[in-house]
Amino acid sequence: SYLIDKIVGGITGNNTGVIRECRNKENVGYKKMGYNVGGIAGTSAKDIIDCYNTGDITYISGGTYVGGICGSASGKVIRCYNMGNITGGGVIGGIAGGSYDAIEDCYNTGDINSSGDCAGGIFGENTSSGSETITSCYNKGVITGKYYTGGIAGNSFHSIINCYNINAISGTNYTGGIVGNISGSSSKIEKCYSTASTSGGTYVGGVAGSVSQATSTLTNSYN
């Protein structure tokens, strides 16, 4: 069914408590410009644990943050997975569109086709520097985007550790098998790999399209 609210989730639109062991199997469609849309929650201030989504998420027009589990996640996302395909505009991630805390032990197998900027198999974008990490996650979906497209993340200020991608990634600029761009002053990519093709225009890499901070590091990773 197609929804018209600005904050939409398959389980809850807005969450201020912990969500645990929930699932959504229904498709979520959106007809108009919105803020946050997710298979489980549109926006979440607290942790989401042991949840999954298998419904497709389709945007008729652009949105702000769109995720297979959560549109905008301010809490941790732990042991969650998405199998639904996601199509539309905005910042899109297989697990979270916008992520501001740790993501651990999550995976995505759904394809993502984004007409906006920042698309990733696990999350689209985070913009806050900190010690939070993306750990032990993987992507098996085809990721297609524009600016900032990656198998794990589109644009990241957080570290990405022990993650992998095994499907094709394509974008225009800033395209990477793991991350399109990593830009936190102390962020790192460590023990990550991508075994699939990566294609794009400017700034394209098998692991990272761009490491844009001189103090960031990329170690023990391969394509």
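Let's start in the middle of things: the largest nonpolar core has 29 residues, and Ile103, Ile134 and Ile160 are the ones that touch the most other members. Two of the strands, β13 (70-73) and β33 (179-182), each put at least two residues into this core. Keep in mind as you look around that this is a predicted model.

Which residues does isoleucine 134 contact, once you leave aside its neighbours within four places in sequence? The list includes Ile103 and Ile160, which you have just met as well-connected core members. Isoleucine 134 is also in contact with Ile122, Phe123, Ile152 and Ile161, along with Asp101, Ser159 and Cys163. There's a general idea behind cores like this: in soluble globular proteins, nonpolar side chains tend to be buried together.

That isn't the end of the story, though. A second core, separate from the one above, has 13 residues, and Val8, Val37, Val66 and Ile86 are among them.

Now zoom out to the whole chain. How many helices and how many strands does it have? The count is 0 helices and 39 strands. The C-alpha trace spans about 45 × 30 × 25 Å along its principal axes. Of the 223 residues, 53% are buried. Contacts also reach across the sequence: take those between residues at least 6 apart, and 80% of them join residues at least 24 apart.

What about the outside? The chain exposes about 8,500 Å², and carbon and sulfur atoms supply 46% of that area. As for charges, the chain carries 13 positive and 14 negative ones, and the mean positions of the two groups are 3 Å apart.

Side chains of opposite charge can pair when their charged atoms come close. Here the count comes to 2 salt bridges. One is between arginine 79 and aspartate 50, with the closest N and O atoms 2.8 Å apart. Arginine 79 sits in the loop between β14 (77-78) and β15 (81-82), while aspartate 50 sits in the loop between β9 (48-49) and β10 (52-53), so this pair ties together parts that are 29 residues apart in sequence. Are these two partners buried or partly exposed? Arginine 79 has 44% relative accessibility, so it counts as partly exposed. Aspartate 50, at 26%, counts as partly exposed too.

In the other salt bridge, the side chains of lysine 188 and glutamate 190 meet, at 3.7 Å from N to O. Lysine 188 has a relative accessibility of 29%, so it counts as partly exposed.

Terms used: Residues are numbered from 1 along each chain as its sequence is written. This is a predicted model: local features need pLDDT of at least 70, side-chain atom pairs count only at pLDDT 80 or more; totals for chains, interfaces and linings use all residues. Side-chain values use heavy atoms; hydrogens and water are left out. Helices (H or I, at least four residues) and strands (E, at least two) are DSSP runs, numbered from the N terminus. Buried means under 20% relative accessible area, exposed over 50%, partly exposed in between (1.4 Å probe, protein chains only). Contact means heavy atoms within 4.5 Å. Accessible areas come from the Shrake-Rupley method with a 1.4 Å probe; for residues, only the protein chains shown count as cover. Lys and Arg count as positive and Asp and Glu as negative; His and the chain ends are not counted. The place of a charge is taken as NZ of Lys, CZ of Arg, CG of Asp or CD of Glu. A salt bridge is a side-chain nitrogen of Lys or Arg within 4 Å of a carboxyl oxygen of Asp or Glu. A nonpolar core is a set of buried Ala, Val, Leu, Ile, Met, Phe, Trp, Tyr and Cys residues joined through side-chain atoms within 4.5 Å.
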